[in-house]
Amino acid sequence: MSPQADPQPTADRNPEAHPRAGREVPLAENYVEEVALALNWGAILLFVLFLLGIIAAAWPVRLIDPLWLQAVSDKLLASGPIAMVGAVLLLLARLLDPHSRPIGRRVALLRPLSFWIAFGYLLLIPLQIYSGINLLRQFRANDTSELSAYIATTRAIESARTYDDILKAVRLLPGQAPALPASINVPLDVVKNKLSNDLNPFIKRYQNSADAMGMKRLNDWFVQLARNVIAALLLFFTFASIGKRFAYQPTLLQSVLSGRLLSAFGSRRHQAPPEMDAAMRMMMPDESEPRR
């Protein structure tokens, strides 16, 4: 009797005999979908936190107030990384689960939204300069008004003719005026000289202090402006790498780097009309045809 080969085991020929191998693919797919869903909701939560922080900082709205503009700009720059991380999480969710329609719709909404957010962070740079300069002017105007009040009080005391005139002049001092007696038996010139000698050194010190404080505010503003400009540019480039105005267009960052954003209008102005371009092509000889 000739030896026969052993029959192949049934488990090797039947894939259903390995239940674990048949479950690995759907389990992996379910795990990826769950991770994508978690990233999706995490992105939504971050966007909600971003919007709530901006609304809280912007309310009540005072568009003309430079302090309000500065506060809202600082809040936008401080909260920008939250929105940036949310956008990245949403893109990761789309990458993990490209067939999910809800995630796809949110990514389609994220593209144009990031386009305008990038422009918004770019516009924060001139807004920061505008609000900062106005704040410096307001602080300088407040210091000047107080200094002017001290100088006006000193001149009113020097030109006073009665003690009542001195009392009226002292009431012009900013803040709490010094308490003077209702009447005195000292000659008027002595009182005038005493008050003037006390006020003149104080005015000089106040002026020096105001100048030093003004220089300190200017230096601090330059440092803060440099930090804010760097933060605004980083956020601009981040959202510009995501944002698209339309789905078929490249991202904003690609348009900026390729020069399309700046040369689009110029190329349209210098481009010949389609009809003229077609007529010129018909008049030109075809290089592909053989010459006779």
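**Figure 1. Nine helices and zero strands make up the secondary structure of the chain.** This is a predicted model, and its elements, read from the N terminus, go α-α-α-α-α-α-α-α-α. Of the 292 residues in the chain, 27% are buried. Take the contacts with a separation of 6 or more: 70% of them join residues 24 or more positions apart. As for the surface, the chain exposes about 20,900 Å², with 63% of that coming from carbon and sulfur atoms.

**Figure 2. Here we zoom in on the largest nonpolar core, a set of 31 residues.** Leu76 and Tyr121 are the ones with the most contacts inside this core. Four helices each chip in at least two residues: H2 (19-58), H3 (66-96), H4 (101-158) and H6 (188-240). Which helix gives the most to this core? That's H3, with 10 residues. As background, nonpolar side chains in soluble globular proteins tend to be buried together.

**Figure 3. Leu76 and the residues it touches get their own close-up.** Once neighbours within four places in sequence are set aside, Leu76 is in contact with Phe50, Ile54, Tyr121 and Leu124. Elsewhere there is a second, separate core, this one with 15 residues. Among them are Ile166, Ala169, Ile203 and Tyr206.

**Figure 4. Helix H5 spans residues 163-170, and this view picks out its buried residues.** They are Tyr163, Ile166, Leu167, Ala169 and Val170. How are they arranged around the axis of H5? Looking down that axis, the buried residues fall within an arc of 160 degrees, so they line one face of the helix. The cover over these buried residues includes H4 and H6. Two of the residues named here, Ile166 and Ala169, also turn up in the second core, the one with 15 residues.

**Figure 5. Ile242 sits in the loop between H6 and helix H7 (252-258).** Is Ile242 buried or exposed? Its relative accessibility is 6%, so Ile242 counts as buried, given that the cut-off for buried is under 20%. Skipping neighbours within four places in sequence, the contacts of Ile242 are Ala87, Leu91, Leu110, Arg111, Ser114 and Thr251. For a distance to check in your viewer, try Ile242 and Gln254: they are 12 residues apart along the chain, and their C-alpha atoms are separated by 9.8 Å.

Terms used
Residues numbered from 1 in each chain as written. Predicted model: local features only at pLDDT ≥ 70, side-chain atom pairs only at ≥ 80, totals over all residues. Heavy atoms only, no water. Core = buried A, V, L, I, M, F, W, Y, C linked by side-chain atoms within 4.5 Å. Buried < 20%, exposed > 50% of the residue type's maximum accessible area, 1.4 Å probe, protein only. Contact = heavy atoms within 4.5 Å. Arc of directions from axis to C-beta. Areas by Shrake-Rupley, 256 points an atom, 1.4 Å probe, with all protein chains shown as cover.
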